[in-house]
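Got the structure open in your viewer? Follow along, select each piece when it comes up, and turn things around as you go.

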2 protein chains.
Amino acid sequence: MHPQIVALAGGVGAARFLAGLTAVMEEKAAPDRLTIVGNVGDDMEWNGFSISPDLDTVTYTLAGLAEEARGWGLRGETYHCLDAISRFGLETWFKLGDRDLATHVFRTGLLRQGAALSEVTRKITTALGVRARLTPVTDDRLRTLVDSSEGLLEFQDYFVRRACRPEVRHIVMDGADTARPAPGVIQAIRTADAVIVCPSNPLISIGPILSVPGIRAVLVERRREGRRNAAISPLVGGRALKGPADRMMRGVGLRADATAVAELYRDFVSVYVLDTEDAASRGEVEALGMKTIVTNTVMRDQESRTALARAVWEGLGL
Amino acid sequence: MHPQIVALAGGVGAARFLAGLTAVMEEKAAPDRLTIVGNVGDDMEWNGFSISPDLDTVTYTLAGLAEEARGWGLRGETYHCLDAISRFGLETWFKLGDRDLATHVFRTGLLRQGAALSEVTRKITTALGVRARLTPVTDDRLRTLVDSSEGLLEFQDYFVRRACRPEVRHIVMDGADTARPAPGVIQAIRTADAVIVCPSNPLISIGPILSVPGIRAVLVERRREGRRNAAISPLVGGRALKGPADRMMRGVGLRADATAVAELYRDFVSVYVLDTEDAASRGEVEALGMKTIVTNTVMRDQESRTALARAVWEGLGL
């Protein structure tokens, strides 16, 4: 039997790792045995459209359509609609491309008709030829808010519009108390041969996923049963490769390094993947009760993604 | 005082005439004294967007942005969003360009917030630099349906999707019983120095405008008072220059010629503009109690549009 894998995923870092993981699973003829549980905390409404940036980044990357150098959106994208919208005085700081807009038109139409985000996501990934199963962690409304030096901000306002400049004091998961896991998510996590936390921001990418009631509990239960729960550090040498994870961690009073991320996951992660640059942290992490895998985690190209995924795969004994 | 003009307008034919009329009014320094009452019978919903094709054709033409050779949409338009939408299996027979979509995003957003179509139209025309005042005939829902050999069809389904192929038996103005004239429309018509019915399809462009309770009555009242109500024949030599007016007129049991259009307007039009090719119909039209202006009505370029508008302007003694 091919192993069944669940990955918890944010945006760009996760998408890159998943591109490697699906390549490894292709070799083993089982990419459809991967369930990706995606973050929806950074979802937003824009001029009537329902936008799910992290789900789309994963989808576009796995479909081979992503503008990888930039880290968001579609390759060869144009912005003619957005340019024209600016004439009407609407805000255009969220850079929506013409082809990307099609995804939002489709998603918004189905959501308005009453479809669940998980159903819509399945239709989008199927239409774009993604073989892995991608599901939002919840079909309910869950929004990451950033309490910052410029006030309580919606996530994309902080992240895109203000380019992560405000000092972060606290992260709020608005809606987490009542959000329910999307259909099949708990079951997929419970029965997976391995759960892998992708190299994503622990506060605003993985945090919202863990905030949905039931998710963390089933991960903790797996760990207690001795099942494989891995996480890949998103920090290398105390720096985020992409995004504001390091500054955010310091903002909320944490150290910004690989070990501090491991501490956030200590109740449920059993195998932690460190970059070779952080090999010296091995002892600290193992003192948290985790096994460690030390490998190159910096994904510059498809080859290094696949190499990372293979190291994790083999390190987990899959 | 510069004369105040009201034009009743459908799509392409009207837009071309209005481009000439505004040029004539520019010379006389009064393009802002033109109120255009636009058709909304061919409005449609498409994937959650509220689309007003006739209002947009007039707007884009007067803003100098229209793709004039083709007769719809914007010049230099791209269709990247629509191409991408087709991947999701959505219907894409209505050719929405990327820049055009911006107009629909803006309009739909404001309508959802509760704005009236007339307010939204004012914002769009202002943003695009149109000096004339364009207003939908009504802010209420009014839809032209076509009872045809292929059943009762929404207008754009008949017009675009089926390319006017079905035989037309009857035109239905759905919503006309309860539609109210948009703010200021009755007053503008009542007080105008002249009302001009543009060279538009009498059944599906001017018909919906006249179907709104109060519009026809105030036009009839003007005529009774001896005020100037003109109409320009959309048919030349028994043929529509653009669109299906001739076939539709035969379909509903009318003759398809300039005189038959004049008959449809006989209760309120006092001056009727015939193409030189139809000069022989002059007597028939005058027998309906109308004065006639015979001139070239075929608008191949801006020069011929302006010439037609000038002939009407002078024929009306403005």
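How many bridges join strand E9 of chain B to E10(B), and do they run parallel or antiparallel? Select residues 194-197 of chain B, which make up strand E9, and show E10(B) beside them: there are four bridges, and the two strands run parallel. Before we go on, keep in mind that this is a predicted model.

**Stop 1: a buried strand in chain B**

Stay with strand E10, residues 228-232 of chain B. Its five residues out of five are buried, so the strand is largely enclosed by the rest of the structure. In general, side chains in a regular strand alternate between the two faces of the sheet. Try it here: B:Arg228, B:Ala230 and B:Ile232 point one way from E10(B), while B:Asn229 and B:Ala231 point the other way.

Now pick out some partners. B:Arg228 in E10(B) is the bridge partner of B:Ala194. Then select residues 271-275 of chain B, strand E13, which runs parallel to E10(B) and is joined to it by three bridges. In that pairing, look for B:Ile232, which stands opposite B:Val273 of E13(B).

**Stop 2: a helix where the chains meet**

Next, select residues 98-112 of chain B, helix H4. How far apart are its end C-alpha atoms? They are 21 Å apart, and this agrees with the 21 Å that 15 residues should span at 1.5 Å a residue.

Is H4(B) mostly covered or mostly open? Twelve of its 15 residues are buried, so go with mostly covered. Among the buried ones you can click on B:Asp98, B:Leu101, B:Phe106 and B:Leu110. To see what does the covering, show both chains. The cover includes helix H3 (80-86) and helix H4 (98-112) of chain A, and also, from chain B, strand E4 (49-51), helix H2 (53-62), helix H3 (80-86) and helix H5 (117-127). Just past the helix, click B:Gly114: H4(B) is followed by this residue, and its phi is positive, near 100°.

Chain A showing up in that cover brings us to the contact between the chains. Chain B puts in 22 residues and chain A puts in 22 residues. On the side of chain B that touches chain A, the elements giving two or more residues are H3 and H4 of chain B. H4(B) gives the most to that side, with nine residues. And 100% of the interface residues of chain B are also interface residues in chain A, so the copies meet through the same surface.

How do you get from one copy to the other? A turn of 180°, with a shift of 0.0 Å along the axis, lays chain B on chain A with an RMSD of 0.0 Å. The two copies are thus related as by a two-fold rotation axis. Click B:Asp98 again to find where the axis passes: of the residues of chain B, this one comes closest to the axis, its C-alpha being 3.2 Å away.

**Stop 3: chain A as a whole**

Hide chain B and zoom out. Chain A holds 13 helices and 14 strands. Its radius of gyration is 19 Å, close to the 20 Å that the globule rule gives for 318 residues, so chain A is as compact as a globular protein of that length. Its C-alpha atoms fill a box of roughly 55 × 45 × 40 Å along the principal axes. Of the 318 residues, 53% count as buried.

**Stop 4: a three-stranded sheet**

Still in chain A, colour the three strands of an open sheet, in the order E7-E6-E8, with antiparallel pairing. The edge strands, E7 (151-154) and E8 (168-174), each pair on one side only. On average, neighbouring strands here are turned by 25° against each other, direction ignored.

Zoom in on strand E6, residues 143-148: six bridges join this strand to E8(A). In one of the pairs, A:Val146 has A:Ile171 as its bridge partner. Now add helix H8, residues 202-211 of chain A, which lies across E6 and E8 and runs at about 35° to E8(A).

**Last stop: one methionine**

Finish by selecting A:Met249, in helix H10 (residues 245-251) of chain A. Is A:Met249 buried or exposed? A:Met249 counts as buried, because there are 23 C-beta neighbours inside 10 Å. Beyond its neighbours within four places in sequence, the residues in contact with A:Met249 include A:Leu203, A:Leu254 and A:Ala260.

Methods
Residues numbered from 1 in each chain as written. Chains lettered and ligands numbered in written order. Predicted model: local features only at pLDDT ≥ 70, side-chain atom pairs only at ≥ 80, totals over all residues. Pairing = 2+ DSSP bridges. Axes fitted to C-alpha atoms, helices over the stretch in contact; angles between N-to-C directions. Contact = placed C-beta atoms within 7 Å. Rg over C-alpha atoms; globule rule 2.2 N^0.38 Å. Buried ≥ 20, exposed ≤ 12 C-beta atoms within 10 Å, placed from the backbone. Least-squares fit on C-alpha atoms with pLDDT ≥ 70 in both. Expected span 1.5 Å × (residues − 1).
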